[in-house]
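Here's a quick walk through how this chain packs its inside. Have the viewer open and follow along.

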Amino acid sequence: MRLVLPSTLGAMTHVASYPARLLQHLLNKATGKGGIGGSNSVAHPPMAATAAEKRCLYEVLGLSLDCSQDEIRSAYKKLALQRHPDKLVQSGVSHAEATAQFQELVHAYEVLSDPKERSWYDSHRFQILFADRNAASNSPVPDLFSFFSNTVYSDYSDKGRGFYKVYSDLFSKIYGNEINFARKSGLGLDIVKEAPLMGNLESPYAQVTAFYNYWLGFSTVTDFACVDKHDAMAEPNRKSRRVMEEENKKLRKKARREYNETVRRLAEFVKKRDKRVIDMGVKRKEEMERKKEEERERKKKLEEERQARLKAYKEPEWTKIEDEEADLWNETEEKGGEKEELYCVACGKKFKSEKQWKNHEQSKRHKEKVAELREWFMEEENQNREEGEAATP
């Protein structure tokens with residue numbers, strides 16, 4: 001039994017506005033799993049069911065539609081142990097079926113653990129579940145929802161059911177539709193920008209970048225006249241014809257927006273799973289870590305050199321407080337006479353009491369200024385020494 005949803009673009013109708021219980025009822029009815037009075041939780045089928053059957057991702061993880069991210073992670077960890085290919089093979093399941101079941105589980109987790117992909121999946125769950133890429137359609141655009149799954153490819157080759165063969169053919173078909181529409185409508189082929197080839201594992205990364213940049217910014221030239229609700233030209237009344245044309249215009253605009261969004265989302269979906277992109281991400285991360293480590297080593301070396309200079313520096317005599325001046329200060333303080341203001345040469349500040357001065361001496365800013373002053377004197381002494389040596393015959 002196949003559930004057919006009302007649609008103006010094949011399987012592209014949004015169902016987010018449908019009541020959740022009605023959506024669940026339709027899914028259960030289509031798969032023979034009970035009626036509308038059931039729970040919001042998606043029933044988990046027997047393990048003997050083939051992984052090739054298109055199942056709801058929540059169903060794969062055995063979770064409800066409103067589950068949390070923690071529940072998704074917990075369910076995946078538990079099922080990953082149970083459905084590991086080695087364990088399934090030992091239980092009598094064929095190697096191909098065991099691998100397919102595990103890939104299905106991984107795919108469910110990848111989509112639902114990503115908030116952005118999960119939101120997209122929730123909004124288009126029925127289109128994805130019931131899309132049939134082999135079914136005939138009157139729509140001028142291909143049904144893309146069936147390709148939002150890792151079950152459509154078997155490996156990363158560019159032959160047969162390989163990743164680069166399946167998606168290269170799909171994007172070529174989308175591009176071909178744009179060319180055909182531009183030619184038939186008289187818009188001219190120049191209106192459609194040439195699409196870069198997807199390539200394969202051997203393609204240079206510049207080609208990979210160009211390919212995804214093109215499709216992530218895709219904008220169709222198709223006018224979607226096929227979604228018109230009214231035959232405005234057959235209406236003799238001008239006012240009624242104008243109303244019909246406006247309604248048709250809104251439907252076309254909505255269909256065009258949905259199609260653009262679907263193509264771009266498909267490009268995001270494919271890019272996230274492209275081995276070339278994954279490998280480049282790992283390579284860039286390793287390069288970034290290497291540069292961070294080099295920067296840490298450079299700063300550490302500079303700090304060690306700075307500390308060595310400070311340690312070797314000898315404070316000039318004029319910066320030290322003579323004992324006589326200290327005794328004079330103490331004597332003045334005991335007599336209650338007028339106290340001289342203290343002045344910090346390094347910071348350029350005055351202090352009226354010894355307590356203020358001592359507090360200032362312990363401050364971080366004062367110590368930094370003194371260190372800077374010491375470095376400056378060191379540079380001056382080195383420069384004077386070099387000038388003296390140069391002047392000596």
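Are Y214 and W215 buried or exposed? Both Y214 and W215 are buried. Bear in mind that this is a predicted model, so every value below is computed from predicted coordinates.

**The overall picture**

The chain's secondary structure amounts to 14 helices and two strands. It has 393 residues, and 32% of them count as buried. If you look at contacts between residues at least 6 apart in sequence, 59% of these join residues at least 24 apart.

**The core**

The largest nonpolar core takes in 57 residues, and L61, Y167 and W215 have the most contacts inside it. Several helices supply at least two residues each, among them α2 (57–61), α3 (69–82), α5 (95–112), α9 (205–216) and α10 (238–273). The largest share comes from α8, with 10 residues.

**Helix α8**

So α8 (163–184) deserves a closer look. With 22 residues at 1.5 Å a residue, α8 should span 32 Å, and its end C-alpha atoms are indeed 32 Å apart, which agrees. Its buried residues are F163, Y164, V166, Y167, L170, F171, I174, N177, E178, I179, F181 and A182. In an α-helix there are 3.6 residues a turn, so residues three or four places apart point the same way. The cover over the buried residues of α8 includes α9, α10 and α11 (275–312). After α8 comes G186, which has a positive phi, near 75 degrees.

Which residues does Y167 touch, leaving aside its neighbours within four places in sequence? Y167 is in contact with F147, S149, V152, Y153, M198, L266, F269 and V270. One of those, F269, turns up again in another role: the charged end of R273 sits over the ring of F269, 3.7 Å from its centre.

**Rings on rings**

There are 19 aromatic pairs in the structure. Here are two of them, side by side.

| Pair | Centre to centre | Angle between planes | Arrangement |
|---|---|---|---|
| F171 and F211 | 5.4 Å | 90 degrees | edge-to-face |
| Y214 and W215 | 4.9 Å | 75 degrees | edge-to-face |

The F171 and F211 pair links distant parts of the chain, with F171 in helix α8 and F211 in helix α9, 40 residues apart. Both of these phenylalanines are buried, and Y214 and W215 are buried too. The two pairs also belong to a wider network: ring pairs join F171, F211, Y212, Y214, W215, F218, F224 and Y259 into a cluster.

**The cysteines**

How many disulfides does the structure hold? The count is zero. C344 is in no disulfide, and the nearest cysteine sulfur, that of C347, is 3.7 Å away. The reverse holds for C347, which is in no disulfide either and has the sulfur of C344 as its nearest, 3.7 Å away. A disulfide needs the two sulfur atoms within 2.5 Å, so this pair doesn't count as one. The surroundings of the two cysteines can be put in figures as well. C344 is buried, with a relative accessible area of 2%, whereas C347 is partly exposed, at 21%.

Note on methods: Residues are numbered from 1 along each chain as its sequence is written. This is a predicted model: local features need pLDDT of at least 70, side-chain atom pairs count only at pLDDT 80 or more; totals for chains, interfaces and linings use all residues. Side-chain values use heavy atoms; hydrogens and water are left out. A nonpolar core is a set of buried Ala, Val, Leu, Ile, Met, Phe, Trp, Tyr and Cys residues joined through side-chain atoms within 4.5 Å. Buried means under 20% relative accessible area, exposed over 50%, partly exposed in between (1.4 Å probe, protein chains only). Helices (H or I, at least four residues) and strands (E, at least two) are DSSP runs, numbered from the N terminus. Contact means heavy atoms within 4.5 Å. The expected span of a helix is 1.5 Å times one less than its number of residues. Rings of Phe, Tyr and Trp (its six-membered ring) pair if their centres lie within 6.5 Å; planes under 30 degrees apart count as stacked, over 60 as edge-to-face and the rest as tilted. A charge sits over a ring if NZ of Lys or CZ of Arg is within 6 Å of the ring centre and within 35 degrees of the ring normal.
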